[in-house]
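User: I should like to learn how to read the main features of a structure such as this one. Where should we begin?

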Amino acid sequence: MSGWLYLLVSLFFVEKLLNSMFKIAIASGKGGVGKSMISSSLLILFSKDKKKVIGVDCDVDAPNLAVWLGEPEKWEKIEKISVSEKPAINNKNLTKEQAEECAKKCRFRALELKGEKLVLNRFLCEGCGACEVFCPDGVIKMRTVESGEIKTKITDYGFPIVSGQLYPGESGSGKVVAEVKKRAENLDGEIMVIDSAPGTSCPVTASFQGVDFVLLVTEPTLSGFSDFERVLEIVDYFKISWGLVINKYEINQDLAKEIRRKSGKRFFGKVSYDKNIFTSVSNLRPIVKTNLKAKKEIEIIYKKLVKKIYYGQANKKKKGFF
Ligand code: SF4
């Protein structure tokens, strides 16, 4: 490669690095601990600070980021996606004995006999394709199915959100998450806030793919603590920098202090338990638009996160991001 060409290619990659979005995943091992509340609040605070932010709802089994933002309806674009296959059954020339044998090949018990016919229980089928291999030739053919949808819109705050939804009974949640993130990456933005799925399974690892920082949210209950430790194992496995927020701090102060002590400098802040938070969200009023104590507490978490991003980006030689 000539010197000039080498320089141009290098500049292209440096430019790409400097313009890359900072991606934050908000995650929790346990559902219902306040992940979407934190995600929505951060999105609004970033946009108030005139940052080009993008919201991504990767909780594809129960997406609710738009609800926490106070605007669940009026999607501008709804795109159906296919990421999995289901068997199509041809009962022609299939004897009862063959059908019984075929049904036994499905370890998820998704194939059953109705009279003499082999039928599929879609809700039990995992789309693994074993029946196509082990049943008599031509009886089962795997066919692509619509597994979910991706919804996009510009919010009233001016930033876009992309939300994924897996249809009931369909499999492939991790693949839907990957598709949702792909759509979001094509948008113009500086910061991506990903509301990850709860737990430690496929959609969570897909949510963590390529992120710069994970903000973990937990609550001081034994199940919350144990699930926090499980999701932390995944974060550590991927070697992603992380911080911790303890929600509903007062419900068990001893445990809250223990979790806080274990997280050390990674502790980003707490949010107090308040029933009014639920009243607020059920009235489609985002927390940072209220006068609740939680609003101030989340603003403190936000400031700490901004500092983290600044230093993170500074490490990537992108000073002056904030
Ligand atoms: S695709 Fe797998 S889960 Fe579905 S019916 Fe066939 S063997 Fe069972």
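Analyst: We begin with a definition: a helix axis is a line fitted to C-alpha atoms over the stretch in contact, and an angle runs from 0 to 180 degrees between N-to-C directions. The model discussed here is predicted. In it, helix 8 (residues 222–237) lies across strand 1 (22–27), strand 11 (213–218) and strand 12 (241–247), and runs at about 170° to strand 11.

User: Across which strands does helix 6 lie?

Analyst: Helix 6 (residues 173–185) lies across strand 2 (53–57), strand 3, strand 8, strand 9 (160–166) and strand 10 (191–195). Its angle to strand 9 is about 165°.

User: How should the sheet itself be read, and in what order do its strands stand?

Analyst: Strands of a sheet pair through backbone hydrogen bonds, either parallel or antiparallel. In this model nine strands form an open sheet of mixed pairing, in the order 3-8-9-2-10-1-11-12-13. Strand 3 (77–81) and strand 13 (267–271) are at the edges; each has a single partner strand, so one side of each lacks a neighbour in the sheet. On average, neighbouring strands of this sheet are turned by 20° against each other, direction ignored.

User: In which sense do strand 3 and strand 8 pair?

Analyst: Strand 3 pairs with strand 8 (residues 148–154) in the antiparallel sense, over five bridges. Within this pair, Ile81 stands opposite Gly148 of strand 8.

User: What span should helix 2 have, and is helix 2 enclosed or open?

Analyst: An α-helix has 3.6 residues a turn, so residues three or four places apart point the same way. For the 14 residues of helix 2 (residues 35–48), 1.5 Å a residue predicts a span of 20 Å, and the end C-alpha atoms are indeed 20 Å apart. Burial here requires 20 or more other C-beta atoms within 10 Å of a residue's own. Because 12 of its 14 residues are buried, helix 2 is largely enclosed by the rest of the structure. Among the buried residues are Lys35, Met37, Leu42 and Phe46. Helix 2 is followed by Lys50, which has a positive phi near 65°.

User: Which residues come nearest to the ligand?

Analyst: Of the 13 residues around the ligand, Cys106, Ala110, Cys125, Cys128 and Cys131 come nearest. By class, this shell comprises 10 nonpolar, two polar and one charged residues.

User: How many helices and strands does the whole chain have?

Analyst: The protein chain has 11 helices and 13 strands, and buried residues make up 41% of its 322 residues. Its C-alpha trace spans about 70 × 65 × 40 Å along the principal axes.

Key:
Residues numbered from 1 in each chain as written. Predicted model: local features only at pLDDT ≥ 70, side-chain atom pairs only at ≥ 80, totals over all residues. Near = placed C-beta within 6 Å. Nonpolar A, V, L, I, M, F, W, Y, C, P; charged D, E, K, R; others polar. Pairing = 2+ DSSP bridges. Helix = DSSP H or I, 4+ residues; strand = E, 2+ residues; numbered from the N terminus. Contact = placed C-beta atoms within 7 Å. Expected span 1.5 Å × (residues − 1).
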